[in-house]
Amino acid sequence: MNETQNEAVPGAISVHNFSEKILEQTVHFHVMKLNGGFFLWVGSSPVLSNLAVSMSSKYDSMPLSTLVLGDPSDTAPNSLAQRLAKKTKKQVFVSYSLPVTDASLSLLVENRIKTELERHPELF
């Protein structure tokens, strides 16, 4: 399922939603395109349990990343934000609200995000 809103107004925040069944679990993706970056929420239920932000730095090849909200022992949002910031060269906010117990789920979720990025770069 794909859904996009407000893509015609320049400078406006555009919203793009898509879902995918991954390992018998429906995973929802919510992208808000911002000026110079984007916010990505990933989850199976409407919960904002964490929030990380990452951006490129002229002093390091790896983007800077920090957890703004949530459990500091959960590195999934930081890692994903950092990889997406490196790939897109944009400021990225990530909320990853899925259980981190299954590494294959995390890999498949990230692959689905990358596929969507390749198909629709204008929505990120």
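The following exchange goes through a predicted model and the reasons behind the terms used for it.

Reader: Which elements make up the protein, and in what order do they run?

Author: The protein has 2 helices and 7 strands. From the N terminus on, the order is β-β-β-β-β-β-α-β-α.

Reader: Why is the protein called as compact as a globular protein of its length?

Author: Its radius of gyration is 14 Å, and the globule rule gives 14 Å for 124 residues. The two values are close, so the protein is as compact as a globular protein of that length. Along the principal axes, the C-alpha trace spans about 40 × 40 × 25 Å.

Reader: How much of the protein is buried, and what makes up its accessible surface?

Author: Of the 124 residues, 37% count as buried. The accessible surface comes to about 6,900 Å², and carbon and sulfur atoms hold 56% of that.

Reader: How do you know what share of the contacts joins residues 24 or more positions apart?

Author: The count is restricted to contacts with a separation of 6 or more, and residues 24 or more positions apart account for 48% of these.

Reader: What makes the length of α1 agree with that expected of a helix?

Author: Helix α1 covers residues 76-88, which is 13 residues. From first C-alpha to last it reaches 18 Å, close to the 18 Å expected at 1.5 Å a residue.

Reader: Why are the buried residues of α1 said to line one face?

Author: The buried residues are A76, P77, L80, A81, L84, A85 and T88. Seen down the axis of α1, they fall within an arc of 150°, so they line one face of the helix. Their packing partners are β4 (37-43), β5 (51-57), β6 (60-69), β7 (91-97) and α2 (103-119).

Reader: Why is S79, also in α1, called partly exposed rather than buried or exposed?

Author: S79 has 24% relative accessibility. Buried requires under 20% and exposed over 50%, so at 24% S79 counts as partly exposed. The C-alpha atoms of S79 and V94 are 9.4 Å apart in space, with the two positions 15 residues apart in sequence.

Reader: How do you know that α2 has the span expected of a helix?

Author: At 1.5 Å a residue, its 17 residues should span 24 Å. The end C-alpha atoms of α2 are 25 Å apart, which agrees.

Reader: What makes one side of α2 its buried side?

Author: In α2, the residues L105, V109, E110, R112, I113, E116 and L117 are buried. Down the axis of α2 these fall within an arc of 155°, so they line one face of the helix. The face turned away from that buried side carries the exposed residues A103, L107, E118 and R119.

Reader: Why does E110 count as buried?

Author: The relative accessibility of E110 is 10%. The cut-off for buried is under 20%, so E110 counts as buried. E110 is found in α2, and beyond its neighbours within four places in sequence it is in contact with L80 and R83.

Reader: Which residues have the most contacts inside the largest nonpolar core, and which element gives the most to it?

Author: That core has 24 residues, and those with the most contacts inside it are L40, V42, L84 and V109. At least two residues come from each of β2 (14-22), β3 (25-34), β4, α1, β7 and α2. Helix α1 gives the most, with 5 residues.

Reader: What is V42 in contact with, leaving aside its neighbours within four places in sequence?

Author: V42 is in contact with V27, H28, F29, S95, Y96, S97, L98, V109 and I113.

Reader: What makes the phi values of L23 and E24 worth a remark?

Author: Most residues other than glycine have a negative phi. L23 has a positive phi of about 50° although it is not a glycine, and E24 has a positive phi of about 65°, again without being a glycine. L23 is found in the loop between β2 and β3, and E24 lies in that loop too. K89, just after α1, takes a positive phi of about 60°.

Reader: Why is E24 called exposed, and L23 partly exposed?

Author: E24 has a relative accessible area of 71%, and exposed means over 50%, so E24 is exposed. L23, with 44%, falls between the two cut-offs of 20% and 50%, so L23 is partly exposed.

Methods. Residues are numbered from 1 along each chain as its sequence is written. This is a predicted model: local features need pLDDT of at least 70, side-chain atom pairs count only at pLDDT 80 or more; totals for chains, interfaces and linings use all residues. Side-chain values use heavy atoms; hydrogens and water are left out. Helices (H or I, at least four residues) and strands (E, at least two) are DSSP runs, numbered from the N terminus. The expected span of a helix is 1.5 Å times one less than its number of residues. Buried means under 20% relative accessible area, exposed over 50%, partly exposed in between (1.4 Å probe, protein chains only). The arc is that of the directions from the helix axis to the C-beta atoms. Contact means heavy atoms within 4.5 Å. A nonpolar core is a set of buried Ala, Val, Leu, Ile, Met, Phe, Trp, Tyr and Cys residues joined through side-chain atoms within 4.5 Å. The radius of gyration is taken over C-alpha atoms; the globule rule is 2.2 Å times the number of residues to the power 0.38. Accessible areas come from the Shrake-Rupley method with a 1.4 Å probe; for residues, only the protein chains shown count as cover.
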